[in-house]
Amino acid sequence: MDPLSLLTPGAARGLAGVIFDLDDTVLDHGALTESAYGALFRLRETGLALIACTGRPAGWGEVIQRQWPIDATIVENGAVALVREQAGPGEGLAPSAGASRVVTLDALDRGTRRARRAELVALADDMVRRFPAAALADDNDQRVTDVTIDIGEHRRVPPEDVQRMRAELRERGVRTLVSSVHLHLTRDPSDKATGAVRLLSSRFGEDPTRARYRYAFVGDSGNDGVAFAAFALTFGVANVRAHLGKLSVPPQFVASLPMGRGFAEIAGRIAELRKNAPEP
């Protein structure tokens, strides 16, 4: 891992966009700071596309997509994405007014999605009944593809209980992902990296292979491990150092500051190099 000072102008200038995690990367324990929010605008001003990529629910993603200066939001660990579209004249809104709507991109139809998630809810209910230290997370009513069990947000679940739950769910054919606060139950094969590349290909016309070189990824933990390995140019905020034991491929560059301040540091370095570097 290298300090940000070693990032070259050519690497910064060659980017088409930045993909970033939310929790403990842009957000500080769930809160958005002024410096992190301003960093998004600074990156946007240099011509970069911005894509949020998170395990948080689709309901969160819709709010973020409406309010942040970003091009897309990938939610629920890559399963679905949200983008803004201009409203058409048949929708009661004049196109000239610049009105837009948020559209959810999901490979499954609504009926299939509901049935699949109902099965996951039943399995999660069984887990929290049998493991009293755990509980359903309070964001489940905003989710459309997965179900989350609170293991570290409002309660502390012993690691051995988490491992037992994961083993039992795996036997039932359910994929599990562990973040710093949640145990995710899903039957979708996606992860943050594949979800991002799929979106870039289908929505923005990127070649799937080239996209891994044209977009950088910024993350903070072992839950970002697949993305750190998938993209050629990767960054970590300083708190990623606590998770290096879980990463087979660490981020290429690491900020000196944690969370939102680290994201602002990374954004500042990229923006500075893009502004001052000569055109290719």
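## Helices, odd backbone angles and open spaces

The buried residues of helix 3 pack against strand 6, strand 7 and strand 8 (100–105). Keep in mind that this is a predicted model. Helix 3 itself covers residues 58–67, and its buried residues are A58, G59, G61, I64 and Q65.

Now for helix 2, which covers residues 34–45. With 12 residues at 1.5 Å a residue, helix 2 should span 16 Å, and its end C-alpha atoms sit 17 Å apart, which agrees. Which residues of helix 2 are buried? They are A36, A39, L40 and L43. Those residues cover an arc of only 105° around the axis, so they sit on the same side of helix 2. The general rule behind this kind of pattern is that an α-helix has 3.6 residues a turn, so residues three or four places apart point the same way. On the face turned away from the buried side, helix 2 carries the exposed residues E34 and E45.

What do the buried residues of helix 2 pack against? Their partners are strand 2, strand 4 (31–32), strand 5 (49–53) and helix 9 (259–276). Just after helix 2 comes G47, with a positive phi of about 95°.

Two other residues have a positive phi, although neither D24 nor E76 is a glycine. For D24 the angle is about 60°, and its place is in the loop between strand 2 (17–20) and strand 3 (27–28). The relative accessibility of D24 is 16%, so it counts as buried, the cut-off being under 20%. For E76 the angle is about 55°, and the residue lies in the loop between strand 6 (72–75) and strand 7 (80–86). E76 counts as buried because its relative accessibility is 3%.

E76 turns up again in the lining of the largest cavity, along with N77, A79, T145, D146, R175, L177, T186, D188 and S190. How many cavities of 30 Å³ or more are there? The count comes to 1. About 50 Å³ of space lies in the largest cavity, and its lining divides into 2 nonpolar, 4 polar and 4 charged residues.

On to the pockets. The largest pocket has a volume of about 790 Å³. Of the 36 residues that line it, V178, S179, S180, V181 and N223 lie nearest its centre. Helix 5 (159–171), strand 11 (175–178) and strand 12 (182–186) are the elements that give two or more residues to this lining. Helix 5 makes the largest contribution to the lining of the largest pocket, at 4 residues.

The second largest pocket holds about 360 Å³ of space. It is lined by 16 residues, and the closest to its centre are T104, D106, R110, R113 and V144. Helix 3 comes back here: helix 3, strand 7 and helix 4 (110–130) each supply at least two residues of the lining of the second largest pocket. Which element gives the most to that lining? Helix 4 does, with 4 residues.

Here is how the pocket linings break down by class:

| Space | Nonpolar | Polar | Charged |
|---|---|---|---|
| Largest pocket | 8 residues | 17 residues | 11 residues |
| Second largest pocket | 5 residues | 3 residues | 8 residues |

Definitions and conventions
Residues are numbered from 1 along each chain as its sequence is written. This is a predicted model: local features need pLDDT of at least 70, side-chain atom pairs count only at pLDDT 80 or more; totals for chains, interfaces and linings use all residues. Side-chain values use heavy atoms; hydrogens and water are left out. Buried means under 20% relative accessible area, exposed over 50%, partly exposed in between (1.4 Å probe, protein chains only). Contact means heavy atoms within 4.5 Å. The expected span of a helix is 1.5 Å times one less than its number of residues. The arc is that of the directions from the helix axis to the C-beta atoms. On a 1 Å grid over the protein atoms alone, a cavity is a set of points where a 1.4 Å probe fits but cannot get out, and a pocket is an open set with protein on both sides within 12 Å along at least five of seven lines; lining residues have an atom within 4 Å of a point. Grid points are joined across faces, edges and corners, and a volume is the space filled by probe spheres set on the points. Ala, Val, Leu, Ile, Met, Phe, Trp, Tyr, Cys and Pro count as nonpolar, Asp, Glu, Lys and Arg as charged, and the others, Gly among them, as polar.
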